[in-house]
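User: I'd like a close look at one part of this model, namely the aromatic side chains. Please set them against the rest of the chain, and throw in anything odd about the backbone.

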Amino acid sequence: MNNSPNVPQKSPITCHVLDTSKGKPAANLPVTLYKFVNDKWSLIETRMTNQDGRCNNLVELENFTVGRYKVHFLVSQYFESTNTKSMYPFVEIVFDFDDPLDHYHIPLLLSPFGYSTYRGS
């Protein structure tokens, strides 16, 4: 990781949502990041995916600490906006982030009746 003050740093947590039923990015999908603190979920940030289905600014590097995080994808709003019936109102992905110098990319492959995820790069 380059810590030069002239080089912008990538957010430690990013995500990308692809609508596999359409073979396209899921644009304008609400994404909320939480951190588990003192036995409860604490809101960090809420954003919308861009036209490429990405959310690259969920937490700033200077506000980031290791711990347990949750990304909440409000997929019902996305499917309603595309006039598509779906089964899941939201998808939550919980993960432990234990390296302050690492980057965690959370991809979500989404369809109206299923989803999958993995650790991206």
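Analyst: Quick bit of vocabulary before the tour: a strand here is a DSSP run of E with at least two residues, a helix is a run of H or I with at least four, and both are numbered from the N terminus. Also keep in mind that this is a predicted model.

Let's start with the whole chain. By that count it has nine strands and one helix. Reading from the N terminus, the order is β-β-β-β-β-β-α-β-β-β, with helix H1 covering residues 75-81. A compact globule of 121 residues would have a radius of gyration near 14 Å, and the chain comes out at 15 Å, so the two agree. Along the principal axes, the C-alpha atoms fill a box of roughly 45 × 35 × 20 Å. Take the contacts between residues at least 6 apart in sequence: 60% of them join residues at least 24 apart. Of the 121 residues, 38% count as buried.

Now the rings. Searching the whole structure turns up nine aromatic pairs. Take Phe64 and Phe97: their ring centres are 4.4 Å apart and their planes sit at 55°, so this pair is called tilted. For reference, the stacked label needs planes under 30 degrees apart and edge-to-face needs over 60. The pair also ties together distant parts of the chain, 33 residues apart. Phe64 is in the loop between strand S5 (54-55) and strand S6 (67-73), while Phe97 belongs to strand S7 (residues 91-97).

Are those two rings on buried or exposed residues? Buried means under 20% relative accessible area. Phe64 has 9%, so it counts as buried, and Phe97, at 2%, is buried as well. The two phenylalanines have company, too: Phe64, Tyr69, Phe95, Phe97 and Tyr104 make up one aromatic cluster.

Another aromatic residue to zoom in on is Tyr78, which lies in helix H1. With a relative accessible area of 4%, Tyr78 is buried. What does Tyr78 touch, leaving aside its neighbours within four places in sequence? The list is Asp19, Lys22, Pro25, Ala26, Ala27, Leu29 and Leu110. Pro30 is worth a glance here as well: its C-alpha atom is 7.8 Å from that of Tyr78, although 48 residues separate the two along the chain.

That brings us to the backbone oddities. Asn28 has phi near 60°, a positive value in a residue other than glycine. Asn28 is placed in the loop between strand S2 (24-25) and strand S3 (30-37). Its relative accessible area is 41%, so Asn28 is partly exposed.

Asp39 does something along those lines: its phi is near 65°, again positive in a residue other than glycine. Asp39 is found in the loop between S3 and strand S4 (40-48). At 70% relative accessibility, Asp39 counts as exposed.

Last stop, the outside. The chain exposes about 7,000 Å², and carbon and sulfur atoms supply 50% of that area. On the charge side there are 11 positive and 12 negative side chains, with the centres of the two sets 6 Å apart.

Definitions and conventions: Residues numbered from 1 in each chain as written. Predicted model: local features only at pLDDT ≥ 70, side-chain atom pairs only at ≥ 80, totals over all residues. Heavy atoms only, no water. Rg over C-alpha atoms; globule rule 2.2 N^0.38 Å. Buried < 20%, exposed > 50% of the residue type's maximum accessible area, 1.4 Å probe, protein only. Contact = heavy atoms within 4.5 Å. Areas by Shrake-Rupley, 256 points an atom, 1.4 Å probe, with all protein chains shown as cover. Lys, Arg positive; Asp, Glu negative; His and termini not counted. Charge placed at Lys NZ, Arg CZ, Asp CG, Glu CD. Phe/Tyr/Trp six-rings, centres within 6.5 Å; stacked < 30°, edge-to-face > 60°.
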